[in-house]
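Hi everyone, thanks for coming. I'd like to walk you through a structure I've been looking at, so have a look at it first and then we'll go through it together.

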Amino acid sequence: MDEDRFSKIIVETLAKRAANICSNPECRAQTAGPADVVDRSINTCEAAHIYGAKPGSARHEPEQQSINRSDIANGIWLCRNCHGMIDRDATRYPAPLLFSWRRGHETENATRLGKSNTKLLLDIMNVDPLFQTMSKLG
């Protein structure tokens with residue numbers, strides 16, 4: 001069943017498409033960050049199969065070909081907690097819901113891609129009295 005695993009490149013691409021944030025809209029946990037050691041990182045993330053890779057796994061479709069099980073189209077980026085949750089309750093978390101989560105999350109990420117912190121700057125300009133005073137001084 002190793003042929004049903006995601007390749008390293010697919011895992012990396014899923015992570016990037018999700019901006020290293022859990023795709024569950026009720027979670028959105030950041031799944032990677034710095035460790036205390038400068039050349040290390042901490043990862044609390046997993047590339048999860050939407051249709052399970054192994055017989056008996058959540059949402060497994062026996063007629064699905066192996067190449068499709070390991071394809072990026074069958075993957076979703078989740079924190080470990082959400083991955084465990086969706087696989088323990090496949091009835092509550094059916095495949096169409098997970099595809100919708102991924103699509104929505106990637107759409108949100110696409111709208112933020114390459115954008116500056118304009119909203120943050122506007123919030124500071126409208127709230128921070130020091131910024132308002134300095135901007136009036138020219």
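**Cysteines, a helix and two buried spots**

Let's start with Cys82, which counts as buried because its relative accessibility is 6%. Keep in mind as we go that this is a predicted model.

So what stops the sulfur of Cys82 from bonding to the closest cysteine sulfur, in Cys79? Distance: the two sulfurs are 3.6 Å apart, and that's too far for a bond. For a disulfide, we'd want the pair within 2.5 Å. In case the word is new to you, a disulfide is a covalent bond between the sulfur atoms of two cysteines.

Now, how many disulfides turn up when you search the whole structure? Zero. Cys45, for instance, is in no disulfide, and the nearest cysteine sulfur, which belongs to Cys79, is 9.5 Å away. Cys45 also counts as buried, with 13% relative accessibility.

Okay, on to helix H1, residues 8-17. Which residues are buried here? Ile10, Leu14 and Ala15 are. They sit on the same side of H1, because they cover an arc of only 135° around the axis. Here's some background that helps: an α-helix has 3.6 residues a turn, so residues three or four places apart point the same way.

Flip to the other side of H1 and you find Lys8, Ile9 and Lys16 exposed. As for the buried residues of H1, what covers them includes E3 and strand E4 (75-79). And just after H1 comes Ala19, with a positive phi near 55°.

Next up, His105, over in helix H4, residues 95-112. Is His105 buried or exposed? It's at 1% relative accessibility, so His105 counts as buried. Its side chain makes a polar contact of 3.3 Å with the side chain of Arg28. If you skip residues up to four places away in sequence, His105 touches Ala18, Ile21, Cys22, Ser23 and Arg28.

Last stop: Gly52. Where is it? In the loop between strand E3 (45-49) and helix H2 (66-69). A loop residue, then, but Gly52 counts as buried because its relative accessibility is 5%. Leaving out neighbours within four places in sequence, Gly52 is in contact with Ser57, Ala58, Arg59, His60 and Arg69. And try finding Asp4 on your screen: it's 48 residues from Gly52 along the chain, with 9.2 Å between their C-alpha atoms.

Notes:
Residues are numbered from 1 along each chain as its sequence is written. This is a predicted model: local features need pLDDT of at least 70, side-chain atom pairs count only at pLDDT 80 or more; totals for chains, interfaces and linings use all residues. Side-chain values use heavy atoms; hydrogens and water are left out. Helices (H or I, at least four residues) and strands (E, at least two) are DSSP runs, numbered from the N terminus. Buried means under 20% relative accessible area, exposed over 50%, partly exposed in between (1.4 Å probe, protein chains only). A polar contact is a pair of N or O atoms within 3.5 Å; within protein, one must be able to donate a hydrogen and the other to accept it, and residues adjacent in sequence count only if both atoms are side-chain atoms. Contact means heavy atoms within 4.5 Å. The arc is that of the directions from the helix axis to the C-beta atoms.
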